[in-house]
Amino acid sequence: MSKVIKGGTVVTADYSYESDVLIEGGKITAIGKDLQGDQTVDASGCYIMPGGIDPHTHMEMPFMGTYSADDYHSGTSAAVSGGTTMLVDFCLPVPDQSLMQALQSWDQKASKAVTDYSYHMAITWWSEQVFDEMQQVVKRGINTFKHFMAYKGALMVDDDEMYASFRRCADLGAMPLVHAENGDVVAHLQQKLMEEGNNGPEAHAYSRPPEVEGEAANRAIMIADMANVPLYIVHVSCEEAHEAIRRARQNGKRVFGEPLIQHLVLDESEYAHPDWDHAARRVMSPPFRSKLHQDGLWNGLAAGSLQCVATDHCAFTTDQKRMGIGDFTKIPNGTGGLEDRLPVLWTRGVNTGRLTPNEFVAVTSTNIAKILNLYPKKGAILVGADADIVVWDPKASKVITAKNQVSAIDYNVFEGIEVTGLPRFTMSRGEVVATEGKVDAAEGRGKFVGREPYPATNQALSKWKELTAPRKVVRDAANIPAGV
Ligand code: DUC
Ligand code: ZN
Ligand code: ZN
Ligand code: ZN
């Protein structure tokens with residue numbers, strides 16, 4: 001049965017134009033005027049945009065002694081409720097676990113998804129086995145590998161391991177991702193703060209200053225350059241990391257930066273809240289920063305030095321957060337945002353003039369699809385693309401509250417924020433899966449989307465190789481002193 005979306009303005013990452021969109025067999029089959037279909041989707045007064053893609057989520061992930069609270073059912077339902085039609089989740093092997101085994105368990109979790117998904121694979125330990133399995137992972141359609149430079153003693157990889165893994169990525173046509181924080185310095189600061197009796201959630205932010213992130217971002221960029229591989233830096237929260245990315249890009253390196261909607265909107269004052277729960281619910285890494293850093297992130301999105309907006313959706317309930325009463329290092333790190341990313345970014349970005357609607361589409365969908373090699377199957381309003389579409393009503397508004405949210409947790413870090421700009425319809429492969437935020441989608445209908453290696457991005461444009469290529473100097477015996 002065909003569907004035609006009528007009466008709206010198509011908004012792509014490039015430009016906007018009035019048109020109908022015809023959908024057949026889950027794909028866009030025509031774009032033009034006066035199209036006819038078996039069913040009509042009313043987009044009058046609305047924008048027709050590619051559905052959001054969240055490049056960074058953690059569903060039901062084992063972490064810090066517990067599991068993140070949204071599973072693939074509640075998590076993907078939250079996504080479609082807010083106009084996001086695909087997410088890229090992190091498959092996280094526990095140290096010593098086989099990557100392929102971890103993938104199996106992720107496939108099981110993901111069998112509950114209501115919309116499409118893909119994975120990044122985390123490299124949480126290093127061995128010959130991991131080296132070998134990376135090839136199988138790429139063959140399975142996963143072309144990105146995440147490295148934690150923090151979480152010492154748990155997930156952290158050291159420079160030695162990171163360089164080896166980056167080189168392996170280069171060989172396989174894959175791209176490394178990094179969580180950029182200097183885990184050694186964080187561990188030291190955590191211990192010092194605890195010894196001084198600073199055990200509340202505010203100390204979490206003190207233990208992870210921007211310098212910790214800037215140092216790691218610079219280091220990862222240099223290591224990627226030496227391994228001759230592009231690099232994607234997740235949750236860029238501060239100018240120190242942003243500056244490193246800007247400089248690398250100006251030098252012709254393929255380095256991508258992803259700020260989170262939380263860092264764009266919420267600031268460090270949240271940790272000074274007198275209510276322990278309020279502050280602990282906002283504990284995530286990196287922590288929220290000052291407004292100055294926020295401005296830098298917004299500027300980076302407009303200027304193109306930062307390319308994607310994600311959520312790092314890793315939601316924990318208040319009860320889970322309370323595992324850290326008396327010791328902030330035990331508060332599970334993570335916040336939610338899947339269903340709020342698009343409305344909040346539209347409200348604080350487009351409605352304020354910081355982003356154009358086309359830039360909004362770029363940073364929430366199209367750039368992500370291109371960088372992760374999903375384009376134009378996803379992230380595009382083009383004939384032949386999957387009909388993952390959000391019909392966006394720029395006049396609809398609501399006040400965000402946990403009472404009405406889809407996510408399984410009992411609070412919302414954006415509580416009380418009024419948003420204007422909401423999805424009227426969210427469509428996944430042509431099926432309406434949410435109407436005005438109300439989800440109507442069968443558990444298990446979501447499909448894994450494989451991503452091919454992407455050799456075109458697999459060349460850092462560095463001169464490093466050329467400059468440091470060993471050149472053997474030939475000397476005759478007369479110029480070599482006798483050995484001692
Ligand atoms: N940061 C978080 O806050 N949660 C999940 C993992 C991470 O890096
Ligand atoms: Zn369920
Ligand atoms: Zn991270
Ligand atoms: Zn994350």
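This tour moves through a predicted model in three stops, namely a pair of zinc ions, a small set of paired strands and two packed helices.

**The two zinc ions**

Begin by selecting the zinc ion (ligand 3), and show the side chains of His 179 and His 235, which coordinate this ion through ND1 and NE2 respectively, at 2.1 Å. Although these two residues meet at one ion, they come from distant parts of the chain, 56 residues apart: His 179 belongs to strand E14 (residues 175–179), while His 235 sits in the loop between strand E15 (231–233) and helix H8 (239–250). Are these two histidines buried or exposed? His 179 is buried, with a relative accessible area of 2%, and His 235 also counts as buried, at 1% relative accessibility.

Now select the zinc ion (ligand 4), which lies 3.6 Å from the zinc ion (ligand 3). Its coordinating atoms are the NE2 of His 56, the NE2 of His 58 and an OD atom of Asp 312, at 2.0 to 2.1 Å. If you follow these donors along the sequence, you will find them spaced H-x1-H-x253-D. Colouring the chain by residue number helps here, for His 58 is in the loop between strand E8 (52–57) and strand E9 (62–63), whereas Asp 312 is in the loop between helix H11 (291–303) and helix H12 (318–321), 254 residues further along. Both His 58 and Asp 312 are buried.

**The four-stranded sheet**

Next, switch to a cartoon view and look for the open sheet of four strands, whose order is E5-E4-E1-E6 and whose pairing is mixed. At its edges are strand E5 (27–32) and strand E6 (39–42), each of which pairs on one side only. Looking across the sheet, you can follow a twist that averages 25° from one strand to the next. Then select strand E4 (residues 20–24) together with E5: these two strands run antiparallel and are joined by five bridges. To see one partnership in detail, pick Val 21 and find its bridge partner in E5, which is Ile 31.

**The helix pair**

Finally, select helix H13 (residues 341–350) and helix H14 (residues 357–371), which pack at an angle of about 145° with their axes 10 Å apart. The crossing of H13 past H14 is right-handed. Which residues meet where H13 and H14 touch? From H13 come Arg 341, Leu 342, Leu 345, Trp 346 and Val 350, and from H14 come Pro 357, Phe 360, Val 363, Thr 364 and Ile 368. By kind, the residues of this contact divide into eight nonpolar, one polar and one charged.

Methods:
Residues are numbered from 1 along each chain as its sequence is written. Chains are lettered from A and ligands numbered from 1 in the order in which they are written. This is a predicted model: local features need pLDDT of at least 70, side-chain atom pairs count only at pLDDT 80 or more; totals for chains, interfaces and linings use all residues. Side-chain values use heavy atoms; hydrogens and water are left out. Axes are lines fitted to C-alpha atoms, for helices over the stretch in contact, and angles run from 0 to 180 degrees between N-to-C directions. A crossing is left-handed if the near helix is turned anticlockwise from the far one by less than a right angle, and right-handed if clockwise. Contact means heavy atoms within 4.5 Å. Ala, Val, Leu, Ile, Met, Phe, Trp, Tyr, Cys and Pro count as nonpolar, Asp, Glu, Lys and Arg as charged, and the others, Gly among them, as polar. Donors are N, O and S atoms within 2.8 Å of the metal (3.2 Å for Na, K and Ca); water is not among the atoms, so sites may look incomplete. Buried means under 20% relative accessible area, exposed over 50%, partly exposed in between (1.4 Å probe, protein chains only). Two strands pair if DSSP finds at least two bridges between them.
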